[in-house]
Every structure is written in structure tokens, then in C-alpha cells.
Amino acid sequence: MGCKCCGRKLNVGMIHKVDVNTGQKFKSCPHCSDANGSEHVFHPYPAAFGKTPARKTARNPEGFQSYCYDCRSLPKGVTSRAHVNGKFCSSLD
Ligand SMILES: [Zn+2]
Ligand SMILES: [Zn+2]
């Protein structure tokens with residue numbers, strides 16, 4: 001299923017956006033977007049994600065985490081709770 005705003009799959013965790021008013025960077029969280037069900041959900045990046053050397057790859061040179069902190073703390077299979085605090089794809093440029 002695709003995002004109703006940008007059309008990309010909701011499980012894409014590599015979408016970066018910037019709040020033009022504050023300059024704050026945001027990144028999509030696949031698990032939060034899945035919980036929303038219709039568009040991507042973004043959290044402040046890197047603050048809400050963190051980095052790990054284990055995730056460093058050519059495509060992810062900074063080693064950032066795909067899921068936000070809150071989603072990573074959830075047991076497997078549990079729906080995101082943090083998505084209600086996120087920014088929607090349609091509210092960011
Ligand atoms: Zn989107
Ligand atoms: Zn999340």
C-alpha cells in the first residue's frame with residue numbers, strides 16, 4: 001500500500017524531510033507509518049532514531065536506525081503508539 005501523500009510504500013524508512021519553518025530534519029518511521037495506514041509518519045532526525053554502527057552500509061553510511069526509539073522498544077507485532085506524536089507526510093514539504 002502506498003502513502004496517500006507521496007505515493008511511496010509505507011514501509012520505506014529512508015524518506016527525509018525538513019520542516020521549512022524550524023529547519024528541523026525529519027525521517028519516516030516504517031512502523032509508525034504502518035500504524036497510520038494511509039500516509040508516512042515522520043519523527044525528528046536523528047534525535048528520535050539514534051545511530052548504530054551495526055546498520056552502517058553503503059546505502060546507509062550514517063548508520064541511522066530505521067525505526068524510531070519508541071517502535072524499537074515495542075515487543076514484536078505490537079502496533080506503534082508513537083505515530084500519534086509524529087508529523088504526517090502531508091504536513092511536511
Ligand atoms: Zn509519504
Ligand atoms: Zn516509529
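Let's start at a single pairing: histidine 16 has lysine 27 as its bridge partner in S2. That link belongs to a set of three bridges joining S1 to strand S2, residues 25–28, and the two strands run antiparallel. Keep in mind as you look around that this is a predicted model.

From this pair we can step out to the whole sheet. Four strands form an open sheet, in the order S1-S2-S3-S4, with antiparallel pairing. Strand S1 (16–18) and strand S4 (87–88) stand at the edges with a single partner strand each, so one side of each has no neighbour in the sheet.

Now for the helices. Besides its four strands, the protein chain has two helices, and reading along the sequence gives the pattern β-β-α-β-α-β. The radius of gyration of the protein chain is 12 Å, close to the 12 Å that the globule rule gives for 93 residues, so the chain is as compact as a globular protein of that length. If you would like a sense of its extent, the C-alpha trace spans about 30 × 30 × 20 Å along its principal axes.

Next, let's look inside. Of the 93 residues of the protein chain, 30% count as buried. The largest nonpolar core is made up of twelve residues: Phe26, Cys29, Cys32, Val41, Phe42, Tyr45, Ala48, Phe49, Tyr67, Cys68, Cys71 and Ala82. Contacts across the sequence can be put in numbers too: among contacts in the protein chain with a separation of 6 or more, 45% are between residues 24 or more positions apart.

Cysteine 32, one of the core residues, is a good place to pause. Its place is in helix H1, which covers residues 30–36. Why does cysteine 32 count as buried? The cut-off is 20 or more other C-beta atoms within 10 Å, and cysteine 32 counts as buried because it has 27 C-beta neighbours inside that distance. Leaving aside residues up to four places away in sequence, cysteine 32 touches Val41, Cys68, Cys71, Ser80, Ala82, His83 and Gly86. Looking back towards the start of the chain, you can also find leucine 10, 22 residues apart from cysteine 32 along the chain, with a separation of 9.0 Å between their C-alpha atoms.

Finally, turn to alanine 48, another member of the core. Again not counting residues up to four places away in sequence, alanine 48 touches His43, Cys68 and Tyr69. Cys68 is thus a meeting point for this tour, touched by cysteine 32 and by alanine 48.

Methods: Residues are numbered from 1 along each chain as its sequence is written. Chains are lettered from A and ligands numbered from 1 in the order in which they are written. This is a predicted model: local features need pLDDT of at least 70, side-chain atom pairs count only at pLDDT 80 or more; totals for chains, interfaces and linings use all residues. Two residues are in contact if their C-beta atoms, placed from the backbone, lie within 7 Å. The radius of gyration is taken over C-alpha atoms; the globule rule is 2.2 Å times the number of residues to the power 0.38. A nonpolar core is a set of buried Ala, Val, Leu, Ile, Met, Phe, Trp, Tyr and Cys residues joined through C-beta atoms within 7 Å. Two strands pair if DSSP finds at least two bridges between them.
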